[in-house]
Amino acid sequence: MPKMKAAYALMETLLKLGVKVIFGNPGSSEVGFMEAVEKYPEIDFVLGLHEGAVIGMAEGYARASRTPAVTNVHIAPGLANSLNMIYDAYRGNTPIIITAGQQDQRFMIKEPMLTADLVNMARPFTKWSYEVYTAKEIPLAIVRAYKTAIEPPAGPVFLSLPENLLAKEEEFDIEVFPFLNFSMSPPKDSLDIAASLIIDANHPVIIGGDGIWECNAQEELIKFADLIGAEVYSMPLISQYIFPSSHPLYFGNLGFGPINIKKALNDSDLIIIFGMPLFNQITFVPKEGVEKRQKIIHFDLNIERIGRNFPQTIGIPGDIKKGLNELNEILSSKIDNEKRKFLDQRKKKREKERDKRRKKKKEVLKQLFNKTPISIPRLFYEINELKDSNTAIVDESISYMTPVHDYIDFSHNKSYFGLRGGGLGFGIPGAIGVKLALPDINVVALVGDGSALYTIQGLWSAAHLNLPVKYIILNNRSYRIVKINMIKYGGKKVKFTGMDLKPPLVDFISVAKGFNVDAKHVESPDKLKDALLWLFNNDRPSLLDVVVDPSYGDLF
């Protein structure tokens, strides 16, 4: 067995696992890690100027590449700076391996600067949090971290790496053993029960979550919806492409809050859930949007979510793609000619209802088309007209998320990457991670002005790497989502203390140019299309600051 520094053994292990990039922001406690990075040019190191941006880039990369991302942050303060983005990765099941340097074990008794109990700092928002005790165990710890991060439900893990252990020389036998195949088929008897419930239902409704994307089950979901003639909604805070926007049975995003949920689901007698939690809310409501009379079928690879907060008629664990394939076969065999006629009529009825909804959206667009400040429907319509099918939208529009799905079309697995978890700051760095993982895809990020300021340092990384990411700042000069909830809490006479980003106005153009990112500003709807053309045709990292209508109607 070869003798080497433990830090080199760590890099050898990462190479065997197929890791190609590390995202990080180093400090003095990570110099041993960084010295090893220099010895292994096969693994790229992507520098972020703040640990929030580091984890945000890693999340975008992990999701777009469908592999765990590896990061390195600076001991206790760096880990603390990371926690917002780690929280999002934890809530959204994104596999990230977070490492941090720890002070030399030989003087920990003296409570050196920057140190803390890193393991317990990270534990609430990670699947596994561990500090290595010996140099010899570092390769195994990396392999276990990788395995834990990807096994369902996926999520972030944390490793604390003491300085003295990384520098120690040992003989290492580095083994990377095969991982389990996690795509297990759902139980056949459960699928039979589900098929009977579906056939007997008068008005079933489908809600698709990120689990559809995770299992690559979009085509099977399309076939299922067409087969039973049911409308499809995407879950609140959807973060991936799950169903084509142009499909005549797609009714858009379900939205937050019991009012929106009840409005969408009220006429249904069966709710069919795929790969999502039921129903995460932002604020407490005394009454949920689902009635006791409504039956629920819940398919999920993440077993923890089934039956967790709502009683369900039947929960079906397992791979959604395999489950839908088998369910479609069972349904096809059970549907007779008379039932087929009924389902075809129901499908036509749902398609007509969808057409009516689309016409209403077009009417709203027409009414607001020339409004100043620029309306969100107008902005998203113009983006949709100019983008091509080889475009990924990275979405941190927050309170504008539902219009995103109303006016922008998504048609493939790489077309949409939205915020997960709810903590702000993903948009700017997340777009960088997506572009690194998918270099041949055009990446356009929609970022609220408030959200952008959480990780604005990410612009430096885009410029440093010369990545032609396109940033569109949705500048309403306020925390609009907070205003909406403030009205719900205190009525329309509230003063919105601490919710306006003025004065002074944030000069996003100067900020972007300070990071060597090309930037322009637009306020007039007459100049919007030309400004977007400039953005889309620029071959450098670029930012368009769009002043949008700040009005605060109902959330989503």
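The exercises below work through helix packing, salt bridges and backbone geometry in a predicted model.

Residues are numbered from 1 along each chain as its sequence is written, and side-chain values use heavy atoms, with hydrogens and water left out. Because the model is predicted, local features need pLDDT of at least 70 and side-chain atom pairs count only at pLDDT 80 or more, while totals for chains, interfaces and linings use all residues.

**Exercise 1. Describe how helix α8 packs against helix α12.**

Step 1. Locate the elements. Helix α8 covers residues 188–200 and helix α12 covers residues 320–334. Helices (H or I, at least four residues) and strands (E, at least two) are DSSP runs, numbered from the N terminus.

Step 2. Take the geometry. The axes of α8 and α12 come within 9 Å and cross at roughly 55°. Axes are lines fitted to C-alpha atoms, for helices over the stretch in contact, and angles run from 0 to 180 degrees between N-to-C directions.

Step 3. Classify the angle. Angles under 35 degrees count as roughly parallel, over 145 as roughly antiparallel, 65 to 115 as roughly perpendicular and the rest as oblique. α8 and α12 are therefore oblique to each other.

Step 4. Assign the hand. The crossing of α8 and α12 is right-handed. A crossing is right-handed if the near helix is turned clockwise from the far one by less than a right angle, and left-handed if anticlockwise.

Step 5. List the contact (heavy atoms within 4.5 Å). From α8 come K188, L191, D192, A194, A195, S196, I198 and I199, and from α12 come G323, E326, L327, I330, L331 and K334.

Step 6. Sort by class. The contact of α8 with α12 holds eight nonpolar, two polar and four charged residues. Here Ala, Val, Leu, Ile, Met, Phe, Trp, Tyr, Cys and Pro count as nonpolar, Asp, Glu, Lys and Arg as charged, and the others, Gly among them, as polar.

**Exercise 2. Repeat the analysis for helices α1 and α2.**

Step 1. α1 (residues 6–16) and α2 (residues 31–39) pack at an angle of about 55°, with axes 9 Å apart. That angle makes α1 oblique to α2.

Step 2. The hand of the crossing of α1 and α2 is right-handed.

Step 3. A7, Y8, L10 and M11 of α1 meet G32, F33, E35, A36, V37 and K39 of α2. By class, the contact of α1 with α2 has seven nonpolar, one polar and two charged residues.

**Exercise 3. Which parts of the chain does the salt bridge between K321 and E220 tie together, and is E220 buried or exposed?**

Step 1. Apply the rule. A salt bridge is a side-chain nitrogen of Lys or Arg within 4 Å of a carboxyl oxygen of Asp or Glu. The count by this rule is 19 salt bridges. K321 and E220 form one at 3.0 Å, N to O.

Step 2. Place the residues. K321 is in helix α12 and E220 in helix α10 (residues 218–228), so the pair ties together parts 101 residues apart in sequence.

Step 3. Check accessibility (buried under 20% relative accessible area, exposed over 50%, partly exposed in between, with a 1.4 Å probe and protein chains only). K321 is partly exposed at 29%, whereas E220 is buried at 10%.

**Exercise 4. Set out the R350–E231 salt bridge, then the E353–R357 one.**

Step 1. The side chains of R350 and E231 meet at 3.0 Å, N to O. R350 lies in helix α13 (residues 337–368) and E231 in strand β10 (residues 231–234), so this pair joins parts 119 residues apart in sequence. R350 is buried at 11% relative accessibility, and E231 is buried at 1%.

Step 2. For E353 and R357, the closest N and O atoms are 3.4 Å apart. These two are four residues apart in helix α13, separated by about one helical turn. E353 is partly exposed at 24%, and R357 is partly exposed at 30%.

Step 3. E353, K356 and R357 are linked in a network of salt bridges.

**Exercise 5. Where do cis peptide bonds and positive phi values occur in the residues below?**

Step 1. Recall the background. Most residues other than glycine have a negative phi, and most peptide bonds are trans.

Step 2. A cis bond joins P152 and P153, with omega about -10°. P153 is in the loop between α6 (138–150) and β7 (157–162). The bond from P503 to P504 is also cis, with omega near -5°.

Step 3. L237 has a positive phi near 55° and lies in the loop between β10 and β11 (250–253). I398 has a positive phi of about 55° and is buried at 18%.
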